Amino acid sequence: MPQINPSILSADFARLAEEAKAVEGADWLHVDVMDNHFVPNLTLGVPVVEALGRATDTPLDCHLMIEDPDRWAPAYVEAGAGSVTFHVEAAAAPVRLAREIRAKGARASMALRPATPIEPYEDLLPELDMLLVMTVEPGFGGQAFLDVMLPKIRRTRELIDKHGLELWLQVDGGVSDATIERCAEAGADVFVAGSAVYGAADPAAAVRGLREKAAA
Ligand code: DX5
Ligand code: ZN
């Protein structure tokens, strides 16, 4: 079954608890952590992740768009995240970091910016529970889906299958009714959607609609 992870980045930050509850029924709540250094935007950190964890029963999928994730990622597991994604471009020791995230009890996930290829990381895949292929330049919601990422999604799926791995393949950025089928066809199975969910009149219905399209 495809998983749909609404991104709280596109929600009303003044009403985070209600916005988190509005998408109960989604698989995970995607929480974008940005530090104004790795990306040109600043969002939220550990205290807000802890508060979101208290506000919803949906598990938290934390996407860290930050420098020095080796130092900061473990605190997000302690704050209650069920999955923690770091960017390989920012990590000094991705294997050590993935093992630390797993040892602390969360799913370990690694993200690739659009210009980062998957091939150099083939041997790291067994260390991960999820691989995130960004389909926009990270930093902002509401950007247009990058079609040129479809071959990378396909190649990543081939590598996962070649090694018989269980890891999930997530896509993030510009995922909507118009693009989700292409992502699913290319081999993605976890779909982050910000504006396509929180921009809809009924966010919970938007999640169901995306899941149906991805499964078709
Ligand atoms: C972008 C974030 C995304 C963003 C997606 O850097 O990582 O999670 O919220 O928003 P949409 O779905 O609107 O592209
Ligand atoms: Zn994200």
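Between which strand and which helix does the loop that holds Asp68 lie? In this predicted model, the loop with Asp68 runs between strand S3 (60-65) and helix H3 (69-78). The legends below begin with that loop.

**Figure 1. Close-up of Asp68 in the loop between S3 and H3.** The phi angle of Asp68 is near 55 degrees, a positive value in a residue other than glycine. Asp68 counts as partly exposed because 15 C-beta neighbours lie inside 10 Å, and a residue is called buried if 20 or more are found within that distance.

**Figure 2. Close-up of helix H3 and the elements that cover its buried residues.** Pro69, Ala73, Tyr76 and Val77 are the buried residues of H3. These residues lie on the same side of the helix, since the arc they cover around the axis is only 100 degrees. The elements covering them include H2, S3, strand S4 (83-87) and helix H4 (94-103). Just after H3 comes Gly80, with a positive phi of about 115 degrees.

**Figure 3. Close-up of Asn36 in the loop between S2 and helix H2 (46-55).** Asn36 is a residue other than glycine with a positive phi, near 70 degrees. With 13 other C-beta atoms within 10 Å, Asn36 is partly exposed.

**Figure 4. Close-up of the annotated positions Asp32 and Asp172.** An unreviewed UniProt entry carries the annotation "active site" for Asp32 and Asp172. The two positions span 141 residues in sequence, yet their C-alpha atoms are no more than 10.6 Å apart, so they gather at one spot. Asp32 belongs to strand S2 (residues 29-34), whereas Asp172 belongs to strand S7 (residues 168-172). Is Asp32 buried or exposed? Asp32 is buried because 25 C-beta neighbours lie inside 10 Å. Asp172 also has 25 other C-beta atoms within 10 Å and is therefore buried.

**Figure 5. Close-up of the contacts of Asp32 and Asp172.** Residues up to four places away in sequence are not counted for Asp32, which touches Ser7, Leu9, Thr43, His63 and Met65. With neighbours within four places in sequence likewise left aside, Asp172 is in contact with His63, Leu132, Met134, Thr135 and Val192. His63 thus appears among the contacts of Asp32 and among those of Asp172.

**Figure 6. Close-up of the shell of residues around ligand 1.** Which residues come nearest to ligand 1? Of the 22 residues around the ligand, Ser7, Leu9, Gly141, Gly194 and Ser195 come nearest. Ser7 and Leu9 are also among the residues that Asp32 touches. At least two residues of the shell are supplied by each of S2, strand S8 (190-193) and helix H7 (195-198). By residue type, the shell comprises eight nonpolar, 12 polar and two charged residues.

**Figure 7. Close-up of Phe191 in the largest nonpolar core.** This core has 68 residues, of which Val84 and Phe191 touch the most other members. Strand S6 (residues 130-134) gives the most to the core, with five residues. Apart from its neighbours within four places in sequence, Phe191 is in contact with Pro2, Gln3, Ile4, Asn5, Val171, Val175, Ile180, Cys183, Leu210 and Ala214.

Methods: Residues numbered from 1 in each chain as written. Chains lettered and ligands numbered in written order. Predicted model: local features only at pLDDT ≥ 70, side-chain atom pairs only at ≥ 80, totals over all residues. UniProt positions renumbered as here; feature names shortened; annotations may be inferred. Helix = DSSP H or I, 4+ residues; strand = E, 2+ residues; numbered from the N terminus. Buried ≥ 20, exposed ≤ 12 C-beta atoms within 10 Å, placed from the backbone. Contact = placed C-beta atoms within 7 Å. Arc of directions from axis to C-beta. Near = placed C-beta within 6 Å. Nonpolar A, V, L, I, M, F, W, Y, C, P; charged D, E, K, R; others polar. Core = buried A, V, L, I, M, F, W, Y, C linked by C-beta atoms within 7 Å.
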